[in-house]
Amino acid sequence: MASTFFTWLRSPAAREYFFSTHFWGPVANWGLPLAAISDLSKNEEMISGTMTTALLCYSLVFMRFAWRVQPRNYLLFACHITNATAQSMNDARFVHYWHMGGREKKLGLQSTDTKPAEGKVVEAVLAAREEAKKAAEK
């Protein structure tokens with residue numbers, strides 16, 4: 001097996017492959033999954049939900065492209081499946097932190113109310129408006 005690989009490595013087909021966009025495009029793209037993997041250890045507040053979702057969609061589209069192009073570009077496919085997986089994990093962390101109580105739990109805020117968060121926000125805004133009106137009247 002190794003001898004056939006080294007024979008291929010010395011062939012014109014190998015030079016043609018290594019000097020093509022079929023090779024260098026995926027190599028350049030590996031920066032995206034590496035950044036996404038490094039973001040897995042960062043604070044959830046630093047994650048941009050919009051950008052993470054956009055990068056996930058981008059990778060899903062290019063996974064299909066890498067599979068459909070002839071000859072199949074397995075290096076590009078591997079790059080984008082890695083990125084899609086890491087971006088999905090970051091998206092899940094973002095949603096949990098901002099929308100499912102992860103932030104409150106991390107900050108140690110426990111709510112004893114059964115009132116939905118939207119109602120609390122509306123109440124806080126109305127209370128702030130009333131306070132501003134009282135301050136303006138003085």
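**Exercise 1. Salt bridges**

How many salt bridges does a search of the whole structure find?

Solution. The model is predicted: local features need pLDDT of at least 70, side-chain atom pairs count only at pLDDT 80 or more, and totals for chains, interfaces and linings use all residues. Residues are numbered from 1 along each chain as its sequence is written, and side-chain values use heavy atoms, with hydrogens and water left out.

Step 1. Side chains of opposite charge can pair when their charged atoms come close. A salt bridge here is a side-chain nitrogen of Lys or Arg within 4 Å of a carboxyl oxygen of Asp or Glu.

Step 2. With that rule, the search of the whole structure gives four salt bridges.

Step 3. In one of them, Lys 42 and Asp 39 meet through their side chains, at 3.4 Å from N to O. Lys 42 counts as partly exposed because its relative accessibility is 45%, and Asp 39 is partly exposed at 28%. The cut-offs are under 20% relative accessible area for buried, over 50% for exposed, and partly exposed in between (1.4 Å probe, protein chains only).

**Exercise 2. Pairs between distant parts of the chain**

State where Glu 44 and Lys 106 lie and how many residues separate them. Then do the equivalent for Arg 103 and Glu 45.

Solution.

Step 1. Helices (H or I, at least four residues) and strands (E, at least two) are DSSP runs, numbered from the N terminus.

Step 2. Glu 44 and Lys 106 form a salt bridge, with their closest N and O atoms 3.5 Å apart. The pair links distant parts of the chain, since Glu 44 is in the loop between helix 4 and helix 5 while Lys 106 is in helix 7 (residues 102-107), 62 residues apart. Lys 106 has a relative accessible area of 48% and is partly exposed.

Step 3. Arg 103 forms a salt bridge with Glu 45, and the closest N and O atoms are 4.0 Å apart. Arg 103 lies in helix 7 and Glu 45 in the loop between helix 4 and helix 5, so this pair ties together parts 58 residues apart in sequence. Both residues are partly exposed: Arg 103 has a relative accessible area of 30%, and Glu 45 has 40%.

Step 4. Glu 44, Arg 93 and Lys 106 are joined into one network by salt bridges that share partners.

**Exercise 3. Arg 93**

Is Arg 93 buried or exposed?

Solution.

Step 1. Arg 93 lies in helix 6.

Step 2. Arg 93 has a relative accessible area of 18%, so it is buried.

Step 3. Its C-alpha atom is separated by 8.6 Å from that of Leu 40, a residue 53 positions away along the chain.

**Exercise 4. A pocket**

What volume does the second largest pocket have, and which residues are closest to its centre?

Solution.

Step 1. On a 1 Å grid over the protein atoms alone, a pocket is an open set of points where a 1.4 Å probe fits, with protein on both sides within 12 Å along at least five of seven lines; lining residues have an atom within 4 Å of a point. Grid points are joined across faces, edges and corners, and a volume is the space filled by probe spheres set on the points.

Step 2. The volume of the second largest pocket is about 180 Å³. Its lining has 13 residues, of which Asp 39, Ser 48, Thr 52, Gln 87 and Asn 90 are the closest to the centre.

Step 3. Helix 4 (31-39), helix 5 (49-68) and helix 6 (74-99) each supply at least two lining residues. Helix 4 gives the largest share, four residues.

Step 4. By type, the lining has seven nonpolar, four polar and two charged residues. Here Ala, Val, Leu, Ile, Met, Phe, Trp, Tyr, Cys and Pro count as nonpolar, Asp, Glu, Lys and Arg as charged, and the others, Gly among them, as polar.

**Exercise 5. The loop between helix 5 and helix 6**

Is the peptide bond from Gln 70 to Pro 71 cis or trans?

Solution.

Step 1. Most peptide bonds are trans.

Step 2. The bond from Gln 70 to Pro 71 is cis, with omega near -5°. Pro 71 lies in the loop between helix 5 and helix 6.

Step 3. Asn 73 also lies in the loop between helix 5 and helix 6, and is buried at 5% relative accessible area. Asn 73 and Phe 23 are 50 residues apart in sequence and 8.3 Å apart in space, C-alpha to C-alpha.
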